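Here are a few exercises to work through with the model open. Try each task yourself before you read its solution.

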Amino acid sequence: MKVSKSQIFIGIVCCFLGFLLTYQFKILLSKNSQTNVTSYDSADIIAEIEALKKEKEELLTTNTQLSDELKQMEESAAEESGSATEIKNQLDTARMHLGIVDVKGPGISLTITPKTSIFSSNAGGNSRDLSESEIVHIINLLWYSGAEAISINDIRITPQTGIKTAGNGIAIGSTGRVYPREKIEIKAIGDKNRMEVGIGFPGSLEYGALSNYNTELKLEDDLNIGKTTVALKSEFIKSVKE
């Protein structure tokens, strides 16, 4: 039986179409599989995050209850002797400085907001955003000026709080972030007049990218700064006993 050229051509075309259909079918199956895996992974991650949030809330509640019980025990012991009272006062002072209790008192609040021009194209001058350098600069000025408690956007600063640029934000320890293109409010409790002089010293608020931001300083008679939500670590330090 003689096969014509047209029949051969049709056979080749059919084979080619079959190959294309098979290839597209495999791709479709692969995409569906990836979509299912991605959806599954996303659901797992979201569930895990929610579980961790719930666990954190439960731990915070337990910690608050234990702190209240400890406080009652200390007060009972302090009523029994004068030396116990002095020890309790020292413990209370240490807790305030470590940032593990809420505190209040006179101080200052410094609000930092980006100038409108920071969002527009500016060929000349320094138009960069705020970074860790400027935040650390302000915190150091406040400590040097006698601040006794500091918070950044209600995140308490403790002796173990690090400040580091992270992506498009600035990490304040492991508690949270502030963002250079949003309002940042820094509160400090201490001698408000002394801190006003420290912050208001010529050039203090022109450091680095601070010149691209508006700053508003207010003296406060009664500020509230909340406690830290992060436990202080002491895995390696040990007390030296004489």
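**Exercise 1. Find which strands H4 lies across, and its angle to S8.**

Solution. Step one: H4 lies across S1, S7 and S8, where contact means heavy atoms within 4.5 Å. Step two: H4 runs at about 165 degrees to S8. Axes here are lines fitted to C-alpha atoms, for helices over the stretch in contact, and angles run from 0 to 180 degrees between N-to-C directions. The labels come from DSSP runs, numbered from the N terminus: helices are H or I with at least four residues, strands are E with at least two.

Before going on, note that this is a predicted model: local features need pLDDT of at least 70, side-chain atom pairs count only at pLDDT 80 or more, and totals for chains, interfaces and linings use all residues. Residues are numbered from 1 along each chain as its sequence is written, and side-chain values use heavy atoms, with hydrogens and water left out.

**Exercise 2. Work out the strand order of the five-strand sheet and name its edges.**

Solution. Start with the order: S3-S2-S7-S1-S8, an open sheet with antiparallel pairing. Two strands pair if DSSP finds at least two bridges between them. The edges are S3 (155-156) and S8 (213-225), each pairing on one side only. Now zoom in on one end: two bridges join S2 (residues 149-152) to S3, and Ile-152 has Ile-155 in S3 as its bridge partner. Finally, add a helix: H3 lies across S1 (103-114), S2 and S7 (184-189), at about 160 degrees to S2.

**Exercise 3. Describe how H3 and H4 meet.**

Solution. First the geometry: the axes of H3 (residues 132-144) and H4 (residues 192-200) come within 9 Å and cross at roughly 140 degrees. Next, who touches whom: Ile-138, Leu-141, Leu-142 and Tyr-144 in H3 meet Arg-194, Met-195, Gly-198 and Ile-199 in H4. By class, that contact has six nonpolar, one polar and one charged residues. For the classes, Ala, Val, Leu, Ile, Met, Phe, Trp, Tyr, Cys and Pro count as nonpolar, Asp, Glu, Lys and Arg as charged, and the others, Gly among them, as polar.

**Exercise 4. Trace the three-strand sheet and find the helix that packs on it.**

Solution. The order is S4-S5-S6, an open sheet with antiparallel pairing. S4 (163-166) and S6 (176-178) are the edge strands, and the twist averages 35 degrees from one strand to the next. Four bridges join S4 to S5 (residues 169-172); Ala-166, for instance, is partnered by Gly-169 in S5. The helix is H3, which touches S4 and S5 and makes about 165 degrees with the direction of S4.
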